[in-house]
Amino acid sequence: MSRSPILTRYSESGAVPGPGGFSSTDTPWHFGDPLGEQRAAARGVIVVDRSDRAVIELSGQERLSWLHTISSQHVAELPDRRSAENLSLDANGRVEEHFVLTDIDGVTWIDTEGSRGEPLVGFLQKMVFWTKAEPVAREDMKVFTLVGPGAVSGPVAGLLEITADAEVYRAGDLPETHHEAEPLGFWRRMPALGEDRDLPVVDVVVPEGDLLRWWDALTEAGARPAGSWAYEALRVAARRPRLGADTDERTIPHEVDWIGDPTLEGAVHLDKGCYRGQETVARVHNLGKAPRRLVLLHLDGSSDRRPATGDPVTAGGRTVGRLGTVVDHYEWGPIALALVKRNVGADIELTAGAEEPVSARIDPDSVRDDHHVQPGRAAVERLRSGSTPGA
């Protein structure tokens, strides 16, 4: 992608570009006070330039029923102005793509990691065959995100015409931008971020030509400009995984909680028809347990050096996991997401990093209880014992 108009405008007044990798050099990493930007989200609302994300337009009257058959989410009857998270899996149930979709007036808008935009649109185009669906890359559409209580109440929310009772995955037109042929911008509410998952999140998708106009209007209404550092820190604190950074080529949905939070819809629907990789999803859900799990790590911050995404997590000299996103949090200091073996408990002493490992510990609140009996195994036990449900 080309340099974001936001970074171009503010590069001489404090905006620092991302260091590269999963922090794009084409969007702001911070505006001079990364920890203060995180605090601002907790108290009010920040606006984050995420125009490094790739946007795809999917049109055609069969677009949703077709997408339903090739992905993990139940979208065949997705209502108008609703969003969902979705996955594309390989034949072994490993995650290849994670994307967000929003359906508005007969068009489905998809956005994903910038590096995955071209592969995803290529995959979708390859799978169309004779279906009435047409996926097209839209490099002219950009994403920015609001985080904080002010995203759903007060002047900023009022400017976008978002009500406080708009539930997660609800979407709506931006005021004075709707056109019968094509929405010229929309907002959608996403799952909350922050350590207590209490910070509302609203994504906004607009044409690139309107990006600065909306940025100015929102900052004038009270949103504080913030870089992707703030967004990443709040995302990691909420244990929300990011494709590529917190996943690897072996990741299955259960390992990173993309099967779904009890209060959310998740990215995988467990009661839908056949799709590639479904066998693995069903087998783990009904009979087995995921070999790894996503946890939050607190890292020793006594050194200025930080381990890197992809570095090993070790216990007693033995590799037990893989480090994901590493970031400095305004209250907790250096934290990271990691995929670790399921039997690694929060009481085990860990180190993280390759060249200069640092001490690490698992946040016990990030460890989900997986001692429940899976539905399939419970059914088998009932058959063996001769009992029936409700007996």
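Two strands are said to pair when DSSP finds at least two bridges between them, and in this predicted model strand β3 (residues 46-49) and strand β9 (residues 141-147) meet that description, pairing in the antiparallel sense over four bridges. Strands of a sheet pair through backbone hydrogen bonds, either parallel or antiparallel. The points below begin with the sheet that holds β3 and β9, then turn to the helices α2 and α7, and end with a barrel that α7 also touches.

**The open sheet**

- Six strands form an open sheet with mixed pairing, and their order across the sheet is β10-β11-β12-β9-β3-β13.
- The strands β10 (171-173) and β13 (224-226) stand at the edges, where each has a single partner strand, so one side of each is left without a neighbour in the sheet.
- On average, and with direction ignored, neighbouring strands of this sheet are turned by 30° against each other.

**Strand β3 and its two neighbours**

- Where β3 pairs with β9, V47 stands opposite L146 in β9, while the bridge partner of D49 in β9 is F144.
- With β13, by contrast, β3 pairs in the parallel sense, over three bridges, and here V48 stands opposite A226 in β13.
- The residues of β3 point in two directions, with I46 and V48 on one side and V47 and D49 on the other, and all of them are buried.

**Helices against the open sheet**

- Helix α2 lies across β3, β9, β12 (199-207) and β13, and the helix runs at about 130° to β13.
- Helix α7 packs on the sheet as well, touching β3, β9, β11 (186-193), β12 and β13, and the direction of α7 makes about 105° with that of β3.

**How α2 and α7 meet**

- The axes of helix α2 (residues 34-43) and helix α7 (residues 228-237) come within 8 Å of each other and cross at roughly 60°, which means that α2 is oblique to α7.
- The crossing in which α2 passes α7 is right-handed.
- On the α2 side the contact is made by P34, E37, Q38 and A41, and on the α7 side by W229, A230, A233 and L234.
- Sorted by character, the residues of this contact between α2 and α7 divide into six nonpolar, one polar and one charged.

**The surroundings of α7**

- How many of the residues of α7 are buried? The helix is mostly covered, with 10 of its 10 residues buried.
- The buried residues of α7 include W229, A230, A233 and L234, which also take part in the contact with α2, and the charged residues E232 and R235 are among the buried ones too.
- Just after α7, the residue R239 takes a positive phi of about 60°.

**The barrel**

- Six strands close into a barrel with antiparallel pairing, and their order is β14-β17-β16-β15-β18-β19.
- In the barrel, neighbouring strands are turned by 40° against each other on average, again with direction ignored.
- Strand β14 (residues 292-299) and strand β19 (residues 358-362) pair in the antiparallel sense over three bridges, and L299 stands opposite A360 in β19.
- Helix α7 lies across three strands of the barrel, namely β14, β16 (318-329) and β17 (333-341), and the helix runs at about 135° to β16.

How values were computed: Residues numbered from 1 in each chain as written. Predicted model: local features only at pLDDT ≥ 70, side-chain atom pairs only at ≥ 80, totals over all residues. Heavy atoms only, no water. Axes fitted to C-alpha atoms, helices over the stretch in contact; angles between N-to-C directions. Parallel < 35°, antiparallel > 145°, perpendicular 65-115°, else oblique. Left-handed = near helix turned anticlockwise from the far one by under 90°. Contact = heavy atoms within 4.5 Å. Buried < 20%, exposed > 50% of the residue type's maximum accessible area, 1.4 Å probe, protein only.
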